[in-house]
Amino acid sequence: MPSAGRPTLTAQEVIALRKAHFFPCTQHFYRNPPVLVSGSMQRVTDSEGRVYTDFFAGVSVVASGHCNPAITKATVRQTRTLQHTTTIYLTEPSARLAQRMAGLLPAYPKVFFCNSGSEANEGALMLARRHTKRKGFIALTESLHGRTALTMSVTGLSMWRGDPFPDEDVHFIPRPYAYGVPAQEAAELSLNALRGVLQSAGDRIAAMIVEPIQGNGGMVVMPDGYLARAKKLLDEHGVLLIADEIQTGFGRTGALLCSDQLGVQADIVTLAKALGGGIPIGAFAATESVAASLDTPSASTFGGNPVSAGTALAVLDYVESQRLPERAARLGTALKLGLERMRAFYPRILSEVRGLGLMLGAELHADEPSLGAAAVDRVLEEMKDRGFLIGKNGVARNVLAFQPPLVIDASDIEAMLEQLDAVLGGLEQDRLRAEEPSVPADFPSGAEAP
């Protein structure tokens, strides 16, 4: 919010400041972007007073809603009493949060708190190396795991792999998905590649890291049975499985952990985003035996600080009391059905709908990704002008991303689908006009076309 007595900056003024002082890698959505100044549950408001229904939730972060009173109350209360110490001092919030998480996720009784998803994944990879005494990793193509050195090295999406000198001890295997390929066939191709890597280098590999749903990769869900079969192969070679639940964790897909939903227990799980509800926090949790390997003195300056831990406790209270995983499953089914109906109605535009719960993607023009990317940008712009914020992702950035706060209402979904139908209808009309046969310029006026 602007300081007292100072006007709110216009969008162009904010863009100018960002251009002057941000690194050039920082981009933004929209040709005509709003300046967001406030939020309340599933809504945000811009500096001009326009209200938007948020269907992206800051990339899954505000799963419990923007400025949720039940959560911000806990944040403010803790901020007024003790804001920071570090883990070398005793405080109650982080200890209670660790206890609470172990109760909710009993397969992972030990936890290390940090500041972000990138740091959580970096810590998990380091823990895997300590436990196995091995250096290498396996990752999937089109994955995204973070911005730190090692997490960039295991990131398969080229646009997010900014480090020009990634770690060379990473083996990429094909993700178990390809457009137009049956899910189990794609799974077999990936598992065969995994077998090959394990046979040739298994004794040098510490862990395989996997997103149960590849969010930035286009909302690609790991096929039925894939993770369990991969885990069995990894176990045969003493290789750990890391489940990257940064986007999927704490209810978004219809369960507290998507990996549980997909039938596998990992050795290490990484968490962030929804856990803090907008306050930065990350964590990696592990089984007793794996966690025991991180036994040399260590600390985290901000990890699990009183404010983030107190906020996270309130988040978990809200997730449980409001049954957000069940809500995500129910409303996600309605949203997916609506998107599938549009796919049937606009098959030349909307190629595929993917995802679980309230983590869904709709890919446009899968056979012509550049055309799809342009269409996605147009849809985002027009939906914003109609009062709805939607995300985008995918290898070619041609996938509409639906990751709303889990507090969204059925009426919000219906309203969004109605407007999306109108926008896609406009795209369809433009497509049909472009395909109309043109009449030669010298064709006699008034004559009947052949």
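## A hairpin to start

Strands β13 and β14 form a hairpin, with 2 residues between them. In its turn, Gly357 has a positive phi of about 55°. This structure is a predicted model. The two strands of the hairpin, β13 (residues 350–356) and β14, pair in the antiparallel sense over 6 bridges. One such pairing sets Val353 against its bridge partner in β14, Ala362.

β14 also has a link to β17 (residues 399–402). These two strands run antiparallel and are joined by 4 bridges. Here Gly361 stands opposite Ala401 in β17. Strands of a sheet pair through backbone hydrogen bonds, either parallel or antiparallel.

## An enclosed strand

How many of the 6 residues of β14 are buried? The count is 6 of the 6, so β14 (residues 359–364) is largely enclosed by the rest of the structure. In a regular strand the side chains alternate between the two faces of the sheet. Both faces of β14 are covered. Met359, Gly361 and Glu363 lie on one side, and they are buried. Leu360, Ala362 and Leu364 lie on the other, and they are buried too.

## The whole chain

Now step back to the full chain. Its secondary structure comes to 14 helices and 17 strands. The radius of gyration is 23 Å, close to the 22 Å that the globule rule gives for 450 residues, so the chain is as compact as a globular protein of that length. Along the principal axes, the C-alpha atoms fill a box of roughly 90 × 65 × 45 Å.

Of the 450 residues, 50% count as buried. The accessible surface comes to about 20800 Å². Carbon and sulfur atoms account for 55% of that surface. Contacts often link distant parts of the sequence: among those between residues at least 6 apart, 73% join residues at least 24 apart.

## The sheet of 7 strands

One open sheet has 7 strands, in the order β4-β12-β11-β10-β7-β5-β6. Its pairing is mixed. Which strands stand at the edges? They are β4 (110–114) and β6 (170–173). Each has a single partner strand, so one side of each is left without a neighbour in the sheet. From one strand to the next, the twist averages 20°.

At one edge, β4 pairs with β12 (residues 282–286) in the antiparallel sense, over 5 bridges. Lys110 stands opposite Ala286 in β12. Helix α4 (residues 92–104) packs on this sheet. The helix touches β4, β11 (268–271) and β12. Its direction makes about 130° with that of β4.

## The sheet of 4 strands

Another open sheet has 4 strands, in the order β1-β2-β3-β15. Its pairing is mixed as well. The edge strands are β1 and β15 (388–389), and each pairs on one side only. β1 and β2 pair in the antiparallel sense over 4 bridges. Ser40 has Arg43 in β2 as its bridge partner.

## Gln42 and Val407

Gln42 lies in the loop between β1 (36–40) and β2 (43–46). Is Gln42 buried or exposed? Its relative accessibility is 8%, so Gln42 counts as buried; the cut-off is under 20%. The side chain of Gln42 makes a polar contact with the side chain of Asp409, at 3.5 Å. Beyond its neighbours within four places in sequence, Gln42 is in contact with Tyr52, Thr53, Asp54, Pro405, Val407, Ile408, Asp409 and Asp412.

Val407 has its place in the loop between β17 and α14 (410–435). Val407 counts as buried, at 8% relative accessibility. Leaving aside neighbours within four places in sequence, its contacts include Met41, Gln42, Ala63 and Ser64. Others among them are Gly65, Tyr318, Leu324 and Arg327. Arg134 is 273 residues away from Val407 along the chain, and their C-alpha atoms are separated by 43 Å.

## Ser190 in a helix

Where is Ser190 found? Ser190 is in helix α7 (residues 183–201). Its relative accessible area is 0%, so Ser190 is buried. What does Ser190 touch, not counting residues up to four places away in sequence? Its contacts are Leu140, Ile173, Pro174, Arg175, Pro176 and Tyr226.

Methods. Residues numbered from 1 in each chain as written. Predicted model: local features only at pLDDT ≥ 70, side-chain atom pairs only at ≥ 80, totals over all residues. Heavy atoms only, no water. Buried < 20%, exposed > 50% of the residue type's maximum accessible area, 1.4 Å probe, protein only. Polar contact = N/O pair within 3.5 Å; in protein donor to acceptor, adjacent residues only side chain to side chain. Contact = heavy atoms within 4.5 Å. Pairing = 2+ DSSP bridges. Axes fitted to C-alpha atoms, helices over the stretch in contact; angles between N-to-C directions. Rg over C-alpha atoms; globule rule 2.2 N^0.38 Å. Areas by Shrake-Rupley, 256 points an atom, 1.4 Å probe, with all protein chains shown as cover.
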